[in-house]
Amino acid sequence: MLSDRRPILLANARIVDPSRNVDILGDVLMADGIVRECKRGIGAAGVPEGTDVIDCRGKLIAPGLIDMRAFVGEPGAASRETLASASQAAAAGGVTTIVCQPDTSPAIDDPATVDFVLRRARDTAIVHVHPMAAITKGLEGREMTEIGLLKAAGAVAFSDGAKSVTNAQVMRRALTYARDFDALIVHHTEDPDLIGDGVMNEGEFAARLGLLGIPTAAETVMLERDIRLVGLTGGRYHAASLTCSDSLEVLRRAKDAGLAVTASVSVNHITLNENDIGPYRTFLKVAPPLRGEDDRKAIVAALASGLIDVVMSDHNPQDVETKRLPFAEAEAGAIGLETMLIAGLRLVHSGELDVMTLLRALSTRPAELLGLPGGTLRPGAPADVIVVDLDVPWVIDPNELKSKCKNTPFDEARMQGRVVRTIVAGRTVYEIV
Amino acid sequence: MPPLPVPAARPIELALMTIAPKSSFVLSRKHLLGIDGLSRAEIAGLLDLAEEFVELNRQIEKKRTSLRGRTQINLFFEVSTRTQMSFELAGKRLGADVMNMSASSSSMRKGETLIDTAMTLNAMHPDIIIVRHHASGAVELLARKVDCSVVNAGDGAHEHPTQALLDALTIRRNKGRLEGLTVAICGDILHSRVARSNIILLNCVGARVRVVAPSTLLPVGIQRFGVDVARDMREGLDGADIVMMLRLQRERMNGSYVPSTSEYFQYYGLDEKKLSYAKPDALVMHPGPMNRGVEIDSIVADGAQSVIREQVEMGVAVRMAVLEALARNLPNA
């Protein structure tokens, strides 16, 4: 494995570094696991002996992606996904850091489990893995977890995963207590009572399919409550997955008021809408549900303007037994680690988003929010770097995907652009020859 | 001893002669999963064919042979009396071998999934499977996994195409047409597959549809279905040619959607007074089973304007028409 440790020069590339608003033609030199230089014209002459020189021929180089929301099945659901398989999928998708979710079995709600995940990742994963820990013990929404100890053990943020903390008093205390540790509270904003028996976005399309709907108010009501609590407590808060224009108004007000509020959207909600469900396609059943086209457009616009901070995959592997069911009975969730960037590039190709903004939401912003060192190509940063061919056309074959489950909403979809090399800590972990 | 009288005519033999089908209508599709997607011509073709079966079903000899050798499986994941019996009778009268499989007796109770059940049945080479399931889209899912024709006998709150067809046949026989009629559909629209199929069919053939329900029982987006939404029965039934009542499921009655059955009956139950808002010759319909005193008063249900029992009769004829029209399109037909 000696060659792994050799310096790498990525030459003749289009370098896009959102952390410095840089979009130039140039070279990137990496050695000892860190970025040494990133500028125009380093050239093969200016590198140490033994450097692997890779001619990128104008392909795009960017900081490795940081996926702020991915469900991995360890511990407790290794048949769906292991840290190893998730990291393989991540590498193929240009994700160099996975932030795994605490809704495992058992939940990641004590320091020993954080430690377990970190050790398993160190031994089996080929990309960086950082766990989020639960806000409440057992994700039950009642008692606060050991936020201080969990953070010290390596939890990068606190979230009850796909569950909402419905008790406002519990949420208030968590936000207040977390503030003392400068811990970020990440919250899934969906009121379970307003969800009720709903399984997709409420509206004409749900009515036609005979499926019960989930109103956008299920999200907005919870977000409004949270923002009031953030105002009350001064905590640091991140909305885990916003889907509708009403939520954007709430978010805008919170940001204008100077509250420490940020937000993510999933790649599914910026590239798909409820009509993609078509004839009850359960791979398109996600939580929160896909919304209408007006909401999708509003979210993309908010992403372009910077109102939305982060794009995440919401990776959620589900196997045949939980998906090959009538729509209402199927589990929600779609895999996304491997397709997040490529799906996001659809917006770049359609002119809805520029590539700098997309990459910022996929790397620089998550790094800033979570206090991670990546998300930049500044000299001295970790050598987590990806090379992307923006234009190559291909068709997603679910059987080729690295994830253990194949529940991709982009099943056999035509894509333009592909990750051709992923480097983690100066070592190439994925490449297309 | 006088000679035995020689019967001049034996009317029984006339009855034994089955009427040769005049309609040669073929449903050029493999499945009937919903009204959505059917053309006006296809709906008319099915209704015309059904008319012939109405006549056949009133004879002593009701048997036909067009489905002889065919196997029909009635797969009912949700309990049903009239629909299942109606399909069974329809299949048998056309000469098919009919097998019934219902949720209470099947391996579904042992945890077998819908798909596995479908694959198992498919291996037995049926020609037509009739499916009812409590989940919207389940019949379509099953249809994708089997080789034979599939008829939707009701899937969740999605569609119940043969109910809409039998309702249309009942209306057409009584009113002589469908086009231009005003049909008020009243009750739990939100959870009703009967309402959805009827709205689509009636819109397709040029009738005007009104829906009347408490707002908690109307789906969001119903206005986009091309219907008028009425707030109360007086407005909804005003000048209606047809009053179509829907069943209110027990679990909706107590507080979650409507406060009580008595309040529901007061405002939305069809009694003589509310019926008087409709045209004097308006028809009263109900897909059954009825909750007397909840959505409909017995006096109205059994009254002169009620065609509820005729709907049941039309049900058999319409299902025969659907089976026949699909069978004409089966391989080796």
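**Exercise 1. Characterise the buried acid A:D384 and find which side chain of opposite charge is nearest.**

Solution.
- Step 1: locate the residue. A:D384 sits in the loop of chain A between α13 (355-370) and β16 (385-395). Helices (H or I, at least four residues) and strands (E, at least two) are DSSP runs, numbered from the N terminus.
- Step 2: test for a partner. A:D384 is buried but has no salt bridge. Buried means under 20% relative accessible area, exposed over 50%, partly exposed in between (1.4 Å probe, protein chains only). A salt bridge needs a side-chain nitrogen of Lys or Arg within 4 Å of a carboxyl oxygen of Asp or Glu.
- Step 3: name the nearest opposite charge. That side chain is A:R427, 10 Å away. For this test Lys and Arg count as positive and Asp and Glu as negative; His and the chain ends are not counted.
- Step 4: look for a polar contact. The A:D384 side chain reaches the backbone nitrogen of A:A425 at 2.8 Å. The term covers a pair of N or O atoms within 3.5 Å; within protein, one must be able to donate a hydrogen and the other to accept it, and residues adjacent in sequence count only if both atoms are side-chain atoms.
- Step 5: list the surroundings. Leaving out residues up to four places away in sequence, A:D384 touches A:A62, A:P63, A:G64, A:T96, A:H128, A:I423, A:V424 and A:A425. Contact means heavy atoms within 4.5 Å.

The model is predicted: local features need pLDDT of at least 70, side-chain atom pairs count only at pLDDT 80 or more, and totals for chains, interfaces and linings use all residues. Residues are numbered from 1 along each chain as its sequence is written, chains are lettered from A in the order in which they are written, and side-chain values use heavy atoms, without hydrogens and water.

**Exercise 2. Place three salt bridges: where do A:R252 and A:D256, A:E431 and A:R421, and B:D241 and B:K279 lie?**

Solution.
- Step 1: note the total. The whole structure holds 39 salt bridges over all chains.
- Step 2: take the pair within a helix. A:R252 and A:D256 have their closest N and O atoms 3.6 Å apart. Both lie in α8 (residues 245-256) of chain A, four residues apart, about one turn of the helix. A:R252 is partly exposed at 36%; A:D256 is exposed at 56%.
- Step 3: take the strand pair. A:E431 and A:R421 meet at 3.0 Å, N to O. A:E431 is in β18 (residues 427-431) and A:R421 in β17 (residues 414-424) of chain A, so the pair ties together parts ten residues apart in sequence. A:E431 is partly exposed at 40%, while A:R421 is buried at 13%.
- Step 4: take the loop pair. In B:D241 and B:K279 the closest N and O atoms are 2.9 Å apart. B:D241 lies in the loop between α8 (233-237) and β8 (242-245) of chain B, and B:K279 in the loop between α11 (272-275) and β9 (283-285), so the pair ties together parts 38 residues apart in sequence. B:D241 is buried at 5%; B:K279 is partly exposed at 34%.

**Exercise 3. Describe the interface of chain A and chain B, including its salt bridge.**

Solution.
- Step 1: count residues. Chain A gives 16 and chain B gives 24.
- Step 2: count polar links. Seven residue pairs are in polar contact (both at pLDDT 80 or more).
- Step 3: find the salt bridge. The rule finds one across the interface. B:R224 and A:E204 form it at 3.4 Å, N to O.
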